[in-house]
Amino acid sequence: MASTLHSFASAADLAGSLADKVADRLSAAIAARGAASIAVSGGSTPKAFFQALSTRDIAWDKVTITLVDERFVPADNARSNHLLVDANLLQNKAKAARFVPLYQPAASVEEAARLATEKSAEIGIPFDVVILGMGGDGHTASFFPGGSNLAEALDASTPRGVITMEAEGAGEPRLTFTFSSLQDAALLVLHIEGEGKKDVLAKAEGSGDEADMPIRAVLRRATSPVEIYWAP
Ligand SMILES: O=C(O)[C@H](O)[C@@H](O)[C@H](O)[C@H](O)COP(=O)(O)O
């Protein structure tokens, strides 16, 4: 599907504009069916956007927030994406939103993925908003090059849900929604910042295998248009 690049003079300008766009989309979903869902990424890039979105005046009590992926660590671990969302997005007006974590204590990461699939089954079919990030290796969500379940994760026929992923660049075992769960969001956003990430995007937009740069699956096969938000 096509992608559109939205470039901004600063990260602050991007954060405000993306927060407005997402708030409008969530409000439209609430107006249409009384509820809205958003799946966000972790990492370092989204903080300013989360903080801006948390102040937007929408019916947050009708919004369900979850993560596109999570490290298999408890919410009090510094590596937790839940902790990042708690500290930056579930604040201010957005405190009223419902949050569905991917991590929960379980005998194994596989069991945690099964539980997360169960708990998220009633949201995101499709998601109203998905915010993806991208690593320097071209991963997105936890679709890492060389990942243990990368083929399953990227296969459009894999049922919606959360699966596990282990990879050299991933650190802890990961829990990640599948490509099929994320690629048809009403608003599908790739949020990246810095010249380096722009170079990575340019390489990803070129020829090459999806397995080498998994963001290519989103850029090439997502059924929703990809809105790329970039600032220096
Ligand atoms: O759990 C994660 O790490 C994210 O979901 C991941 O996919 C992230 O979006 C990229 O790694 C970019 O991370 P930065 O924003 O820190 O560059």
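**Notebook: strands, ligand shell and two positive phi values**

I began with strand 10, where I found that Ile-228 is the bridge partner of Leu-190. The model I am reading is a predicted one. Leu-190 led me to strand 9 (residues 187–193), and I noted that strand 9 and strand 10 pair in the parallel sense over six bridges.

I then followed strand 10 (residues 226–231) to strand 1 (residues 3–7), and recorded that five bridges join the two, which run parallel. For one position in this pairing I looked up Ser-3, and found Val-226 of strand 10 standing opposite.

Next I turned to the open sheet of three strands, whose order I wrote down as 4-8-7, with antiparallel pairing. Strand 4 (69–71) and strand 7 (162–165) stand at the edges with a single partner strand each, so I marked one side of each as left without a neighbour in the sheet. I also noted the turn between neighbouring strands of this sheet, which is 20° on average when direction is ignored.

Within this sheet I looked more carefully at strand 4 and strand 8 (residues 174–177), which run antiparallel and are joined by three bridges. Here I listed Glu-70, whose bridge partner in strand 8 is Leu-175. I then asked which helix lies across strand 7 and strand 8. I found helix 4 (residues 109–119) there, running at about 160° to strand 7.

For the ligand, I checked the 14 residues around it, and noted that Gly-42, Gly-43, Ser-44, Thr-45 and Gly-133 come nearest. Sorting the residues of the shell by character, I recorded three nonpolar, ten polar and one charged.

Last I went through the backbone angles, keeping in mind that most residues other than glycine have a negative phi. Asn-92, which is not a glycine, has a positive phi of about 50°, and I located Asn-92 in the loop between helix 3 (81–88) and strand 5 (98–100). Ala-141 also has a positive phi, near 50°, in a residue other than glycine, and I placed Ala-141 in the loop between strand 6 (129–132) and helix 5 (150–154).

I then asked of Ala-141 whether it is buried or exposed. I counted Ala-141 as buried, because 29 other C-beta atoms lie within 10 Å and the cut-off for a buried residue is 20 or more. For Asn-92 I found 15 other C-beta atoms within 10 Å, so I entered Asn-92 as partly exposed.

Terms used. Residues numbered from 1 in each chain as written. Predicted model: local features only at pLDDT ≥ 70, side-chain atom pairs only at ≥ 80, totals over all residues. Pairing = 2+ DSSP bridges. Helix = DSSP H or I, 4+ residues; strand = E, 2+ residues; numbered from the N terminus. Axes fitted to C-alpha atoms, helices over the stretch in contact; angles between N-to-C directions. Contact = placed C-beta atoms within 7 Å. Near = placed C-beta within 6 Å. Nonpolar A, V, L, I, M, F, W, Y, C, P; charged D, E, K, R; others polar. Buried ≥ 20, exposed ≤ 12 C-beta atoms within 10 Å, placed from the backbone.
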